[in-house]
Amino acid sequence: MKALVLEQQDKTTVAEVKDIALPEMAEGDVLVDISWSGLNYKDALAITGKGKIIRQFPMVPGIDFTGHVKRSNDPRYSTGQAVILTGWGVGENHWGGLAQQACVKGDWLVALPEAIPARNAMIIGTAGFTAMLCVMALEDAGVTPQSGTVLVTGASGGVGSTAVALLHTLGYTVAAVTGRESTHDYLRKLGASEILSRDDFSETRPLEKQLWAGAIDTVGDKVLAKVLAQTNYGGCVAACGLAGGFGLPTTVMPFILRNVRLQGVDSVSVPAEHRAAVWERLASTLPESFYQQAATEITLEQAPAYAEDFLNNKIQGRTLVKIGG
Ligand code: NDP
């Protein structure tokens with residue numbers, strides 16, 4: 001099969017499209033013909049070698065993909081069935097989706113809901129799946145459209161864009177934080193009614209004027225600290241990312257004086273029984289217009305160049321890698 005292969009040469013990661021042999025299928029494995037894969041922030045860190053994502057080389061990156069079952073050693077899956085995979089360490093410590101085929105555990109797959117065509121499912125991908133988990137975390141914390149405005153940071157990225165679209169469709173008033181003026185129109189089309197500059201999120205005091213009923217943060221570090229200081233009494237911040245850094249220079253004040261909840265969100269190890277429900281919710285919530293606005297399509301050969309663009313903040317929305325079509 002054709003795959004993007006990562007190797008280490010003189011402690012540098014080298015990415016090249018090559019023809020390689022697939023691993024043998026074991027008990028419980030499913031072989032998938034991949035039609036679409038996504039390029040994510042984590043893939044960009046892996047492909048460029050700028051993040052310690054891959055520990056064993058050679059590795060095929062790609063943390064998410066959709067496709068059809070070619071052969072199955074798992075009785076739950078049959079040949080031709082449409083499936084999706086996100087997370088479980090695939091593309092990190094198990095060969096991933098930036099390839100024509102993947103051999104993965106049946107336990108890691110989700111049968112694609114009929115309402116979502118494969119291309120749309122990969123426009124959602126890990127980013128959209130994570131955005132929905134963040135929205136559900138806010139709902140669990142009692143944040144409703146009536147509670148007030150919800151803030152989304154890193155808003156024009158994959159997770160941020162989908163979070164803006166989901167919240168808007170669910171009736172929330174959405175404010176978006178972005179570092180790029182060029183994305184303002186895009187964010188308004190997705191449903192943001194207020195747009196704030198990332199520059200205004202560089203310094204913070206322990207507590208600031210209360211502005212947000214909830215927030216979805218994909219950035220971390222000083223931006224997250226400021227968001228916490230501006231969250232309303234009893235509000236919730238769902239934190240899933242580190243695009244601005246993994247630090248968190250905050251104080252306990254928002255937590256002990258305003259009852260603010262900081263909810264961590266992980267998409268990699270979500271229990272299998274919860275995943276199908278999240279996908280059903282995505283299928284029923286996202287409007288058709290979202291799929292028309294939020295994706296750039298590239299080839300496997302273009303993935304390394306786009307990985308650099310990711311880390312230089314030149315990407316808007318989701319980046320789809322067309323493999324089998
Ligand atoms: P993207 O690169 O698509 O989006 C990140 C966005 O963050 C950018 O578009 C930009 O938005 C903003 N940003 C970029 N650099 C900086 C910076 N230096 N300081 C502040 N803001 C910055 O990535 P994804 O949306 O795919 O992922 C977002 C984050 O969430 C990543 O850290 C990723 O690792 C994490 N993630 C975590 C998951 C989990 O399971 N917890 C799953 C998926 C993603 P703008 O230009 O609008 O400011």
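In this predicted model, the side chain of R198 reaches the ligand: one of its N or O atoms is 2.9 Å from a ligand oxygen atom. Two backbone contacts accompany that of R198. A backbone N or O atom of V159 lies 2.8 Å from an oxygen atom of the ligand. For S267, a polar backbone atom is 2.7 Å from a ligand oxygen atom. Taken alone, the ligand exposes 910 Å², and the protein buries 86% of that. In total, 25 residues surround the ligand. The closest are S156, V159, T178, G179 and S267. V159 and S267 thus appear both in this closest group and among the residues with a backbone atom at the ligand, at 2.8 Å for V159 and 2.7 Å for S267.

An open sheet of six strands was found, in the order β10-β9-β8-β11-β12-β13. Its strands pair in parallel. β10 (192-197) and β13 stand at the edges. Each has a single partner strand, so one side of each is left without a neighbour in the sheet. From one strand to the next, the twist averages 20°. Strands of a sheet pair through backbone hydrogen bonds, either parallel or antiparallel. Within this sheet, β8 and β11 pair in the parallel sense over three bridges. V150 stands opposite G214 of β11.

Helix α5 (residues 221-229) lies across four strands of the sheet, namely β8, β11, β12 and β13. The helix runs at about 150° to β12. α5 is mostly covered, with seven of its nine residues buried. These are V223, L224, A225, K226, V227, L228 and A229. A lysine, K226, is thus listed among the buried residues. The packing partners of the buried residues are the strands β8 (150-152), β11 (212-217), β12 (231-239) and β13 (261-264), together with helix α6 (253-258). An α-helix has 3.6 residues a turn, so residues three or four places apart point the same way. In α5, burial is not confined to such positions: the run from V223 to A229 is buried.

A second strand pairing involves β3 and β6. Strand β3 (residues 29-39) and β6 pair in the antiparallel sense over five bridges. V30 stands opposite V104 in β6. Four of the five residues of β6 (residues 101-105) are buried, so this strand is largely enclosed by the rest of the structure.

Several loops carry unusual backbone geometry. A cis peptide bond joins F57 and P58, with omega of about -5°. P58 lies in the loop between α1 (41-48) and β4 (64-72). Positive phi angles were computed for D10 and N313, neither of which is a glycine: about 50° for D10 and about 55° for N313. D10 sits in the loop between β1 (2-9) and β2 (12-19). N313 occupies the loop between α9 (303-311) and β15 (318-322). Their accessibilities were also computed. D10 has 76% relative accessibility and counts as exposed, as the cut-off for this class is over 50%. N313, at 31%, counts as partly exposed.

Notes:
Residues are numbered from 1 along each chain as its sequence is written. This is a predicted model: local features need pLDDT of at least 70, side-chain atom pairs count only at pLDDT 80 or more; totals for chains, interfaces and linings use all residues. Side-chain values use heavy atoms; hydrogens and water are left out. Buried means under 20% relative accessible area, exposed over 50%, partly exposed in between (1.4 Å probe, protein chains only). Helices (H or I, at least four residues) and strands (E, at least two) are DSSP runs, numbered from the N terminus. Contact means heavy atoms within 4.5 Å. Two strands pair if DSSP finds at least two bridges between them. Axes are lines fitted to C-alpha atoms, for helices over the stretch in contact, and angles run from 0 to 180 degrees between N-to-C directions. A residue is near a molecule or strand if one of its heavy atoms lies within 4 Å of it. A polar contact is a pair of N or O atoms within 3.5 Å; within protein, one must be able to donate a hydrogen and the other to accept it, and residues adjacent in sequence count only if both atoms are side-chain atoms. Accessible areas come from the Shrake-Rupley method with a 1.4 Å probe; for residues, only the protein chains shown count as cover.
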